[in-house]
Amino acid sequence: MSRMHNPAHPGEVLREYLDDLPLAGVAEHIGVSLATLQRIVDCKESIYPDLAYRLGAALGTSPDLWAGMQLQYDMYQAEKLPRPRIECLLPLVARP
């Protein structure tokens, strides 16, 4: 699978979606704390699945949009981490 080069944290995108809406009002509307929403738009916290559904309902988007952005961001960050070489456990004939 080809990954997006350096995808934006979904909090950056959310900040643009919210434009000039007051975060406190948005947080209350979707049922999360202001601190949680602030950490997300500051790119310090992830958008978790339940929040993806809440954002989708409040913003008229798909929850998959938010969850997908978070996954792309997380996978890109994980790809940069050092890890040992791991050999496949399955014999070559069993690979697709």
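The following paragraphs describe the fold, the nonpolar core and several individual residues of a predicted protein model.

The secondary structure of the protein chain consists of five helices, with zero strands, and the order of elements along the sequence is accordingly written α-α-α-α-α. The radius of gyration of the chain is 17 Å, whereas the globule rule gives 12 Å for 96 residues, so the chain is more spread out than a compact globule. Along the principal axes, the C-alpha trace of the protein chain spans about 55 × 25 × 20 Å.

With regard to packing and surface, 27% of the 96 residues of the protein chain count as buried. Among the contacts in the chain with a separation of 6 or more, 55% are made by residues that stand 24 or more positions apart. The accessible surface of the protein chain amounts to about 6900 Å², and 58% of this surface belongs to carbon and sulfur atoms. The chain carries 9 positive and 12 negative charges, and the mean positions of these two sets are 11 Å apart.

The largest nonpolar core contains 16 residues, and the members that touch the most other members are Leu 14, Leu 37, Ile 47, Leu 51, Leu 55 and Trp 66. At least two residues of this core are supplied by each of helix H1 (10-18), helix H2 (23-30), helix H3 (34-41), helix H4 (49-59) and helix H5 (63-79). The most is given by H2, which provides four residues to this core. The surroundings of one of the core residues can be described in further detail. When residues up to four places away in sequence are not counted, Trp 66 touches Pro 10, Val 13, Leu 14 and Tyr 17, together with Ile 47, Ala 52, Leu 55, Gly 56, Leu 59 and Thr 61. Among these partners of Trp 66, Leu 14, Ile 47 and Leu 55 also appear in the list of core residues that touch the most other members.

Two residues from the helices were examined individually. Thr 36 lies in helix H3, and its relative accessibility is 12%, which is under the 20% limit, so Thr 36 counts as buried. Leaving aside residues up to four places away in sequence, Thr 36 touches Glu 45 and Tyr 48. Arg 54 lies in helix H4 and counts as partly exposed because its relative accessibility of 30% falls between the limits of 20% and 50%. Not counting residues up to four places away in sequence, Arg 54 touches Ile 30, Gly 31 and Val 32. The C-alpha atoms of Arg 54 and Arg 39 are 16 Å apart in space, and the two residues are 15 residues apart in sequence.

Positive backbone phi values were found at two positions outside the helices, namely Asn 6, in the segment before H1, and Asp 19, in the loop between H1 and H2. For Asn 6, a residue other than glycine, phi is positive and near 45 degrees, and the relative accessible area of 48% makes this residue partly exposed. For Asp 19, which is likewise not a glycine, phi is positive at about 50 degrees. The relative accessible area of Asp 19 is 60%, which is over the 50% limit, and therefore Asp 19 is classed as exposed.

How values were computed
Residues numbered from 1 in each chain as written. Predicted model: local features only at pLDDT ≥ 70, side-chain atom pairs only at ≥ 80, totals over all residues. Heavy atoms only, no water. Rg over C-alpha atoms; globule rule 2.2 N^0.38 Å. Buried < 20%, exposed > 50% of the residue type's maximum accessible area, 1.4 Å probe, protein only. Contact = heavy atoms within 4.5 Å. Areas by Shrake-Rupley, 256 points an atom, 1.4 Å probe, with all protein chains shown as cover. Lys, Arg positive; Asp, Glu negative; His and termini not counted. Charge placed at Lys NZ, Arg CZ, Asp CG, Glu CD. Core = buried A, V, L, I, M, F, W, Y, C linked by side-chain atoms within 4.5 Å.
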